[in-house]
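Reader: Could you walk me through one part of this structure in detail, and then show me how that part sits in the rest of the chain? I would enjoy one connected account.

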Amino acid sequence: MPLTHSEKIEKFMDESLKKGISPYTAGPPLFRMIWAFGFKIKPPLFMNFMELVVLEGALFGVGFFLLGRMSIYALMNPYMTVATTAIGSAIAGAVFGVSIALVYRKIAKKMKLSSWEEYSRNESIISDQWSK
């Protein structure tokens with residue numbers, strides 16, 4: 001019987017912990033929040049480069065934009081328009097998205113992970129050669 005998404009997440013988190021992988025790497029707080037809301041997205045170590053760039057970059061960029069618009073400096077500075085804040089946030093989101101995607105893909109490659117879809121069929125998804 002195939003595992004549900006929640007069971008797969010739980011199994012991956014348990015297995016990751018046993019292999020010495022930080023729970024914040026295997027399932028960062030942002031992803032845990034997304035899973036708690038019922039969205040069935042893969043853990044970041046199973047996402048491809050572009051999925052990570054788009055998800056992480058977009059969320060960071062939106063957060064950066066909101067913080068930028070709510071800052072006292074932005075409220076008092078006439079040159080800090082919505083457009084300049086949006087452009088700065090898009091650049092920050094893109095840089096963050098690419099950076100975090102590079103890190104996650106490097107870790108996933110080192111772990112020799114197969115695809116998320118194959119996870120329920122395999123006894124252990126994380127390679128036995130994995131070491132910190």
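Which residues does His5 touch, not counting residues up to four places away in sequence?

Author: Happy to take a close look with you. Please keep in mind that this is a predicted model. Leaving aside residues up to four places away in sequence, His5 touches Trp35, Phe39, Lys40, Ile41, Lys42 and Trp116. His5 belongs to helix α1. With a relative accessible area of 17%, His5 is buried, because the cut-off for that class is under 20%.

Let us widen the view to the helix itself. Helix α1 takes in residues 5-18, and at 1.5 Å a residue its 14 residues should span 20 Å; the end C-alpha atoms are 20 Å apart, so the two values agree. His5 has company among the buried residues of α1: Lys8, Ile9, Phe12, Met13, Glu15 and Ser16 are buried too. Their cover includes α2 (23-26) and α3 (29-36). Just after α1 comes Gly20, with a positive phi of about 90°.

Two residues from this part lead on to an aromatic group. Phe12, one of the buried residues of α1, is linked by ring pairs with Phe46 and Trp116 into a cluster. Trp116 is also among the residues that His5 touches.

Now look at the other side of that packing, from helix α2. Ala26 is found in this helix, and at 1% relative accessibility it counts as buried, because that value is under 20%. Not counting residues up to four places away in sequence, Ala26 touches Phe12, Met13 and Ser16, and its further contacts are Ile21, Trp35, Pro43, Pro44 and Leu45. Phe12, Met13 and Ser16 are buried residues of α1. Trp35 appears in both contact lists, touching His5 as well as Ala26. Ala26 also offers a long step along the chain: Ile107 is 81 residues away in sequence, yet the two C-alpha atoms are 10.0 Å apart in space.

That step takes us to helix α6, which covers residues 82-111. Its 30 residues should span 44 Å at 1.5 Å a residue, and its end C-alpha atoms are 42 Å apart, which agrees. The buried residues here are Thr85, Ser89, Ala92, Gly93, Gly97, Ala101, Tyr104, Ala108 and Met111. They pack against α2 and α4, while α2 is also among the elements covering the buried residues of α1. Just beyond the end of α6, in the segment that follows, Lys112 has a phi near 55°, a positive value in a residue other than glycine. Lys112 is exposed: its relative accessible area is 52%, and the class begins over 50%, which is why it falls there.

Aromatic pairs add another view of α6. The structure holds six of them. In one, the rings of Phe60 and Phe96 have centres 4.3 Å apart and planes at 15°, so the pair is stacked. This pair joins distant parts of the chain, with Phe60 in helix α4 (residues 49-70) and Phe96 in α6, 36 residues apart. Phe60 counts as partly exposed, at 31% relative accessibility, and Phe96 is likewise partly exposed, with a relative accessible area of 28%.

There are charged contacts to add as well. The charged end of Arg32 sits over the ring of Tyr24, 5.8 Å from the ring centre. The structure holds one salt bridge, and it brings us back towards our starting point. Glu51 forms it with Lys42, and the closest N and O atoms are 3.2 Å apart. Lys42 is one of the residues touched by His5. Glu51, at 30% relative accessibility, counts as partly exposed.

Finally, here is the chain as a whole. It has six helices and zero strands, following the pattern α-α-α-α-α-α along the sequence. Of its 132 residues, 33% count as buried. Among contacts between residues at least 6 apart in sequence, 61% join residues at least 24 apart, and the stacked pair of Phe60 and Phe96 spans 36 residues. The accessible surface of the chain comes to about 8,500 Å², with 68% of that area belonging to carbon and sulfur atoms.

Definitions and conventions: Residues are numbered from 1 along each chain as its sequence is written. This is a predicted model: local features need pLDDT of at least 70, side-chain atom pairs count only at pLDDT 80 or more; totals for chains, interfaces and linings use all residues. Side-chain values use heavy atoms; hydrogens and water are left out. Helices (H or I, at least four residues) and strands (E, at least two) are DSSP runs, numbered from the N terminus. The expected span of a helix is 1.5 Å times one less than its number of residues. Buried means under 20% relative accessible area, exposed over 50%, partly exposed in between (1.4 Å probe, protein chains only). Contact means heavy atoms within 4.5 Å. Rings of Phe, Tyr and Trp (its six-membered ring) pair if their centres lie within 6.5 Å; planes under 30 degrees apart count as stacked, over 60 as edge-to-face and the rest as tilted. A charge sits over a ring if NZ of Lys or CZ of Arg is within 6 Å of the ring centre and within 35 degrees of the ring normal. A salt bridge is a side-chain nitrogen of Lys or Arg within 4 Å of a carboxyl oxygen of Asp or Glu. Accessible areas come from the Shrake-Rupley method with a 1.4 Å probe; for residues, only the protein chains shown count as cover.
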